[in-house]
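Me: I have a model open and I'd like to learn how to read it. Could we start from a single residue and work outwards?

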Amino acid sequence: MPLLGERPAPSPAPGEGSSGQPLPGYAKVSTERIAAAVSRSRTIDVAVVGGGIVGLACAWELRKRGLCVTLIERGRPARESTWAAAGIMAAHHYGAGPGPLFDLLRRSLAAYPAFLEQVGADAVDWSAEGILAVARTAEDIAELTSRMSWLTDAGYPAELLTPWELRALEPSCTGPIEAATLFPADASLDPRPLAAALEQAVRSAGVEVLTDSPATSIQVTNSRVTGVSLRDRSIAAPAVILAAGAWCAGLAPGFRLPVRPCKGQMCAVRAEGPRRAINFPEGVIVSRADGRVALGATQEDVGFDAQIDADAIRQVHGDAAALVPGLAGAEIVETWMGFRPQSADGFPVIGPTPVEGLVVATGHFTKGIALAPVTAELVADLVCDGRLDPLLTPFGPDRFA
Ligand SMILES: Cc1cc2nc3c(=O)[nH]c(=O)nc-3n(C[C@H](O)[C@H](O)[C@H](O)COP(=O)(O)OP(=O)(O)OC[C@H]3O[C@@H](n4cnc5c(N)ncnc54)[C@H](O)[C@@H]3O)c2cc1C
């Protein structure tokens, strides 16, 4: 049953077929027409709590399908984990294996180019030249070899490179590297301009964006969601998406949502970096179009401690410079941190809850930028059509009940 089952089915937004699938050329349809339709609407269909990449993407997709959406953000949109992300867009990572997360990531990455086009995010340093993973120890090589093996079995391309081939491809990688792999289907981008474009698209499409408006609780009557309480008022809504990242646990009304912050510290240097993003066991190196190179990141279980620690930044810088020695003397031009939303088992938490009409979308941990389009699509399937995509079955919050 659709979560909005008691309401008439929403009419498709401009540019969409009745299935809710965008028609070719959707991106070219004026968002002002959507906004005009919303201004005639008097009620809210869905409230989205949290304005990071996940909340923004959900708001965008729900609005695209014709719903009247209000997004509730505690501060300014996309200033938390989304702001902090490196922008690696890979369907795998160090130590990963085949399974539902790989399937979810793969579908999301396939959707990314169209997602960027639709939200008008054309200045995001999108680089589709692939990502490199490098190995320095026997243990790293064993991990990389095993990862390549299951990825190629799954039809995900991976090319093993000798250190010489790596240097031919990326002359700045002169550190003591034993082996490397190019994953040509991986990509990278800068999450900050992406989030800015997405926020703009969401607003232009007619989503009401409430900033400086912390949700204090989710309202529930007879096990059904009825809206969201803010400090000074309430927003009535028959469906609510809880997408408040690392802060979701305290907002879950009466069920267990074990999501906690995993602090990540990063820095940027001004230097000639590698063209392709580089992934290694301790972190990532991602060159930006403005001449900066983003280096990261720590993974710390320290609660919401937002302090940036000089030793941690030195370590991040040093780990990257060990691979790309040209980064060693480069000036650090920015340091930052963010709280990744990490669930108790490290996997995303996306799906319906025991509270009818309340859907959660959090726990994206190190992959929230990469997973945003598929999360939004599958959340919208749930809300608009009552359809739980089989891809979501392993990620439901019921696994923590
Ligand atoms: C250092 C670092 C590097 C990363 N690198 C990558 C990467 O390379 N690739 C990748 O895919 N992912 C990466 N990630 C992970 C990615 O950033 C996250 O998974 C993703 O941003 C999570 O998005 P979100 O919208 O769930 O959370 P957030 O971006 O944290 O957004 C949550 C929002 O909810 C709001 N909120 C909280 N409480 C309330 C409330 N009570 N009421 C209203 N609003 C509220 C917050 O203000 C915030 O805006 C990285 C993360 C970090 C920290």
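**Starting from one residue**

Reply: Sure. Ala59 lies in helix 2, and do keep in mind that this is a predicted model.

Me: Is Ala59 buried or exposed?

Reply: The general idea is to count neighbours: a residue is buried if 20 or more other C-beta atoms lie within 10 Å of its own. Ala59 has 34 C-beta neighbours inside 10 Å, so it counts as buried.

Me: Which residues does Ala59 touch, leaving out those up to four places away in sequence?

Reply: Contacts here are judged by C-beta atoms within 7 Å. For Ala59 that gives Val48, Val69, Leu71, Val202 and Val207. Take Val207: in sequence Ala59 and Val207 are 148 residues apart, yet their C-alpha atoms are 7.1 Å apart in space.

Me: What does helix 2 pack on?

Reply: Let's get the sheet first, then place the helix. Six strands make up an open sheet with mixed pairing, in the order 8-2-1-12-19-18. Strand 8 (208-210) and strand 18 (349-352) are the edges, each pairing on one side only. On average, neighbouring strands here are turned by 15° against each other, direction ignored. Helix 2 packs on this sheet and touches strand 1 (46-49), strand 2 (69-72), strand 12 and strand 19. Its direction makes about 170° with that of strand 2.

Me: And where does helix 9 lie?

Reply: Helix 9 lies across strand 1, strand 12, strand 18 and strand 19. It runs at about 175° to strand 19.

Me: How do I read the pairing around strand 12?

Reply: Take one partner at a time, and check the sense and the bridges. Strand 1 and strand 12 pair in the parallel sense, over four bridges, with Val48 standing opposite Ile241. Strand 12 (residues 239-242) also pairs with strand 19 (residues 358-362), again in the parallel sense, over three bridges. There, Ile241 has Val359 as its bridge partner, and Leu242 has Val360.

Me: Which residues of strand 12 are on each face, and are they buried or exposed?

Reply: Ala239 and Ile241 are on one side, Val240 and Leu242 on the other, and all are buried. Both faces of strand 12 are covered.

Me: What about the sheet with the order 9-10-11?

Reply: Read it the same way: order, sense, edges, twist. This open sheet has three strands and antiparallel pairing. Strand 9 (215-221) and strand 11 (234-236) are its edges, each pairing on one side only. The twist from one strand to the next averages 25°. Strand 9 and strand 10 (residues 224-230) pair over six bridges in the antiparallel sense, and Thr221 has Arg224 in strand 10 as its bridge partner.

Me: Now the ligand. Which residues come nearest?

Reply: With a ligand, start from the shell of residues around it, then see which elements supply them. There are 43 residues around this one, and Gly50, Gly52, Gly245, Gly264 and Gly368 come nearest. Elements giving two or more residues to the shell include helix 2 (53-64), strand 13 (259-270) and helix 9 (368-385). By class, the shell has 21 nonpolar, 16 polar and six charged residues.

Me: Why does the ligand lie between domain 1 and domain 2?

Reply: Look at who contributes to the shell. Domain 1 (26-82 + 193-258 + 345-400) and domain 2 (131-185 + 260-343) both give residues to it, so the ligand lies between them.

Methods. Residues numbered from 1 in each chain as written. Predicted model: local features only at pLDDT ≥ 70, side-chain atom pairs only at ≥ 80, totals over all residues. Near = placed C-beta within 6 Å. Nonpolar A, V, L, I, M, F, W, Y, C, P; charged D, E, K, R; others polar. Domains from an automatic or database assignment. Pairing = 2+ DSSP bridges. Axes fitted to C-alpha atoms, helices over the stretch in contact; angles between N-to-C directions. Contact = placed C-beta atoms within 7 Å. Buried ≥ 20, exposed ≤ 12 C-beta atoms within 10 Å, placed from the backbone.
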